[in-house]
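Me: I have a structure open and want to go over how its helices pack. Can we start with the terms?

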Amino acid sequence: HEQPFSARATRLPAGGVALALQDVSEVQRLGRARREFVANISHELRTPLASIRLLVDTLQAGALSNPAVAPDMLSKINAEVDVLSQLARELLDLALIESGQMPLKLAPTDLHDLAQAQVERFSPQAQKKGLTLVMDIAPGTLALADGEMIGRVLSNLLHNAFKFTPSGGQVSLTALCEGENVIVSIADTGPGIPSNELNRIFERFYKVDRARGQSGTGLGLAIARHIVEGHGGRIWAESAPGHGATFRFSLPAG
């Protein structure tokens with residue numbers, strides 16, 4: 001394995017040359033990461049912006065006065081704006097978390113109450129898509145956690161599950177105490193994730209669109225990983241193609 005170096009030669013007053021070598025592998029890695037980040041952001045912005053432009057052009061061309069199509073087009077524009085808003089929110093969250101500017105406030109937290117709030121939030125979406133949303137977390141199941149941040153984790157994982165579960169499917173949310181930890185699980189009945197993808201899905205912008213048939217920012221799972229690891233826990237996924245996916249994360253028991 002060859003290491004990249006930058007070299008600088010300086011002529012010495014007494015004669016001879018001093019050669020200074022500097023390892024620039026980390027600099028090159030950060031440069032590649034920055035270029036990939038910009039490329040990914042550009043890609044994520046291009047699709048919703050192109051859709052909005054096409055819809056607006058169509059409305060301005062006369063569709064706005066057509067009651068048969070105008071409401072549907074306006075609804076699609078609203079959906080694309082939601083995608084852009086989610087991307088902006090997740091980018092800010094990730095930047096704050098990675099820079100350490102979003103400190104955790106740990107306290108004994110009732111996961112039943114936390115999950116119930118998310119169930120109530122997602123219930124209208126479940127009804128609209130024809131999904132069954134099930135929660136089985138006993139009241140008084142305590143974890144040492146930042147309630148607001150773990151709420152974001154649950155929201156991201158439920159959003160992910162809803163996105164990839166077809167109509168008529170089920171999303172379940174459970175939590176069990178295992179020794180000194182509480183294991184929270186979100187399971188769906190979607191198409192599942194190939195085994196070779198399971199270790200990469202928590203990377204920034206990594207997506208398995210072909211495997212699960214949907215698009216997204218690719219940031220929600222990375223944010224969830226940072227938050228859970230900040231609690232001293234871990235997060236992982238279990239799946240077999242065609243048999244749904246289950247996302248689990250551990251928290252210290254409260």
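Reply: First, handedness: a crossing is left-handed if the near helix is turned anticlockwise from the far one by less than a right angle, and right-handed if clockwise. Note also that this is a predicted model.

Me: Ok. Which hand is the crossing where α3 passes α4?

Reply: The crossing of α3 past α4 is right-handed. The two axes cross at roughly 20° and come within 10 Å.

Me: Are α3 and α4 parallel or antiparallel, then?

Reply: Roughly parallel: angles under 35 degrees count as that, so α3 and α4 qualify.

Me: Which residues make the contact between them?

Reply: On the α3 side, the contact includes Leu114, Ala115, Gln118, Arg121 and Phe122. On the α4 side, Ile150, Leu154, Leu158 and Phe162 are among them. By class, this contact of α3 with α4 has 9 nonpolar, 6 polar and 3 charged residues.

Me: Switching topic. How many cavities of 30 Å³ or more are there?

Reply: There is 1 cavity of 30 Å³ or more in the structure. The volume of the largest cavity is about 30 Å³.

Me: What lines it?

Reply: The lining of the largest cavity consists of Leu111, Leu114, Ala115, Ile137, Ile150, Leu154, Val184 and Phe249. Two elements, α3 (111–129) and α4 (147–164), give two or more residues to that lining.

Me: Which element has the largest share?

Reply: α3 does, with 3 residues. Leu114 and Ala115 of α3 line the cavity and are also in the contact with α4. Likewise Ile150 and Leu154 of α4 appear in the cavity lining and in the contact with α3.

Me: How does the lining divide into nonpolar, polar and charged?

Reply: The lining has 8 nonpolar residues, no polar and no charged.

Me: Back to helices. What about α4 and α6, at what angle do they pack?

Reply: α4 and α6 pack at about 150°, and their axes are 9 Å apart. That angle makes α4 roughly antiparallel to α6. Their crossing is left-handed.

Me: Which residues of α4 meet α6?

Reply: Met149, Ile150, Arg152, Val153, Asn156 and Leu157 in α4 do, and their partners in α6 are Gly220, Leu221, Ile223, Ala224, Ile227 and Val228. The contact of α4 with α6 divides into 9 nonpolar, 2 polar and 1 charged. Ile150 is in this contact and in the cavity lining.

Me: And α2 with α6: what are the angle and the axis distance?

Reply: Helix α2 (residues 70–98) packs against helix α6 (residues 220–230) at an angle of about 30°, with the axes 10 Å apart. The pair is therefore roughly parallel, and the crossing of α2 and α6 is left-handed.

Me: Which residues make the contact there?

Reply: α2 gives Glu90, Asp93, Leu94, Ile97 and Glu98, while α6 gives Gly220, Ala222, Ile223, His226 and Ile227. This contact of α2 with α6 has 5 nonpolar, 2 polar and 3 charged residues. Gly220, Ile223 and Ile227 of α6 touch α2 and also meet α4.

Methods:
Residues numbered from 1 in each chain as written. Predicted model: local features only at pLDDT ≥ 70, side-chain atom pairs only at ≥ 80, totals over all residues. Heavy atoms only, no water. 1 Å grid on protein atoms, 1.4 Å probe; cavity = no way out; pocket = protein on both sides within 12 Å on 5 of 7 lines; lining within 4 Å. Points joined across faces, edges and corners; volume = space filled by probe spheres on them. Helix = DSSP H or I, 4+ residues; strand = E, 2+ residues; numbered from the N terminus. Nonpolar A, V, L, I, M, F, W, Y, C, P; charged D, E, K, R; others polar. Axes fitted to C-alpha atoms, helices over the stretch in contact; angles between N-to-C directions. Parallel < 35°, antiparallel > 145°, perpendicular 65-115°, else oblique. Contact = heavy atoms within 4.5 Å.
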